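Let's take a walk through this protein model and look at how its side chains pair up. Keep the structure open while you read.

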Amino acid sequence: MVLFIDQEYGSRKLLRTVVAGIVSAMFLTILALARPYRRSDDLYLACVANLLLTCCFASGVVIQLCDSTMYEDMCYGLVGYKTSRSATTFVVVLTAVMLAVSLAVILVSAVSAARAKTMRVASSKREPMRDGITLADGQQWHLFLSHVWSTGQDAVAVIKNELLQFLPGCEIFLDVDDLKNIGELEAYIGRSQVVLCFLSRGYLRSTNCLREVRAALEMGKPLVLVHEADPDKGGGTLAELRSECPEELRAAIFDAGWPMVVWHRIEAFQHVSLKVIAEALLLKTPKYEGEKELPMCIPGEVRADGLAFPKPVVLWASTLNAGARELAAAVAAAVAGG
């Protein structure tokens, strides 16, 4: 738009600079409303950059006004200066202040991002979805949460909320948020890269859950199994849950070597469960498809290698408690190995 304005007279009449400033301000408004970036810090950086650009165009208008004898009164009314030299000094100082504020905002955003409790790749300490392609062509979600409402709805809601916090940019299908037509369950599975099966009582007896599992297996979708072991929360032993499964699906679900983790509710242990889910999800993305494993970490988490006794201790094991001696030996070996 600016390029079509007459260069000889348009620039002298400030039209080019004014139009450029208006376009920049409009783009800043659209950017703030549309929020096209997945990460908030990227959005803030883009907005600050466009705000600074808009201020530069506004400063250019002020300088041209004050440099012209035609707009002396307007220059004094806008910035309180009658000469172009004074107005230029004002603009330079204002631009420097805006630049300093912008740098401060960027610095604060960078520090906040560094301190944010997001999962990082253990080897590089970088957020795994920060850049690169993580959804293959035709895929809409990284993870599909398959569960039975009666015993798994609350837990999978927690899984989704936690993963959205720990993995910025992750797209997760949950029926209460994304299901539009229950007749299209197979289509939703088809547009998901990984299917999470939340194994709780009744899951493998549910008609719709079995539809999801069968569709995933037929389409070759990778599974990740999350075991609800707490009977008070609708869980059971693997043997009990396996007995609910149709015989023709048992081997494909339980014996195929899919990643499996027990769902915990104590925060430190729950983070371990979430890291297993996240690793299984990430290994099926185009970005990490060549990796065999992708250990994850969370800043500030409790790590086993940081635990130690301040002085030698004696661990007692009862001979009357079956398995106690073996457990004591395993604990002693783990501590000695750490």
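## Glu-248 and its partner

Glu-248 counts as exposed, because its relative accessibility is 57% and the bar for exposed is over 50%. Keep in mind that we're looking at a predicted model here.

So who does Glu-248 pair up with? It forms a salt bridge with Arg-214, and the closest N and O atoms are 2.9 Å apart. Arg-214 sits in helix α9 (residues 207-218) and Glu-248 in helix α11 (residues 247-254), so this pair ties together parts that are 34 residues apart in sequence. Arg-214 has a relative accessibility of 30%, so it counts as partly exposed.

## More salt bridges

How many salt bridges does the structure hold? The number is 7. One of them joins the side chains of Glu-228 and Arg-265, with 2.7 Å from N to O. Glu-228 is in the loop between β5 (223-227) and α10 (238-244), while Arg-265 is in the loop between β6 and α12 (267-282), so the pair ties together parts that are 37 residues apart in sequence. Is Glu-228 buried or exposed? With 0% relative accessibility, Glu-228 counts as buried. Its partner Arg-265 is partly exposed, at a relative accessible area of 39%.

Next up is the salt bridge where the side chains of Arg-242 and Asp-255 meet, at 2.9 Å from N to O. This pair links distant parts of the chain: Arg-242 belongs to helix α10, Asp-255 to the loop between α11 and β6, and they are 13 residues apart. Arg-242 comes out as partly exposed, because its relative accessible area is 28%. There's also a network of salt bridges, and it links Lys-160, Asp-177 and Asp-178.

## Aromatic rings

Now for the rings. Searching the whole structure turns up 4 aromatic pairs. Take Trp-141 and Phe-173: their pair is edge-to-face, with 4.9 Å from centre to centre and 80° between the planes. Why does this pair tie together separate parts of the sequence? Trp-141 lies in strand β2 (residues 141-146) and Phe-173 in strand β3 (residues 172-173), so the parts they join are 32 residues apart in sequence. Trp-141 is buried, with a relative accessible area of 6%. Phe-173 is buried too, because its relative accessibility is 1% and buried means under 20%.

Phe-173 has another ring to pair with: Tyr-188. This aromatic pair is tilted, with 4.8 Å centre to centre and 35° between the planes. Phe-173 is in strand β3 and Tyr-188 in helix α8 (residues 185-190), so here the pair ties together parts that are 15 residues apart in sequence. Both of these residues, Phe-173 and Tyr-188, are buried. Zoom out a little, and you'll find that Trp-141, Phe-144, Phe-173 and Tyr-188 form one aromatic cluster.

## Met-260 and its contacts

Where does Met-260 lie? You'll find it in strand β6 (residues 260-262). It counts as partly exposed, because its relative accessibility is 34%.

Which residues does Met-260 touch, if you leave out those up to four places away in sequence? The answer is Leu-199, Leu-225 and Leu-238. Look at Leu-225 in particular: it is 35 residues from Met-260 along the chain, and the C-alpha atoms of the two are separated by 4.5 Å.

## A nonpolar patch on the surface

Turn to the surface and find Phe-309, Val-313, Leu-315, Leu-327, Val-331 and Val-335. Those residues form a nonpolar patch there, with about 580 Å² of accessible area together.

Pick out Leu-315 from that patch. Leu-315 is in the loop between β7 (296-297) and α13 (324-337). Is Leu-315 buried or exposed? It's exposed, because its relative accessible area is 52% and exposed starts at over 50%.

## Cysteines without disulfides

One last thing to check. A disulfide is a covalent bond between the sulfur atoms of two cysteines. How many disulfides does the structure hold? There are 0 of them.

You can still look up two cysteines, Cys-170 and Cys-297. Cys-170 is buried, with a relative accessible area of 5%. Cys-297 also counts as buried, because its relative accessibility is 9%.

How values were computed
Residues numbered from 1 in each chain as written. Predicted model: local features only at pLDDT ≥ 70, side-chain atom pairs only at ≥ 80, totals over all residues. Heavy atoms only, no water. Disulfide = S-S within 2.5 Å. Buried < 20%, exposed > 50% of the residue type's maximum accessible area, 1.4 Å probe, protein only. Phe/Tyr/Trp six-rings, centres within 6.5 Å; stacked < 30°, edge-to-face > 60°. Helix = DSSP H or I, 4+ residues; strand = E, 2+ residues; numbered from the N terminus. Contact = heavy atoms within 4.5 Å. Patch = residues over 30% accessible without salt bridge, like charges linked within 9 Å, V, L, I, M, F, W, Y side chains within 5 Å. Areas by Shrake-Rupley, 256 points an atom, 1.4 Å probe, with all protein chains shown as cover. Salt bridge = Lys/Arg side-chain N within 4 Å of Asp/Glu carboxyl O.
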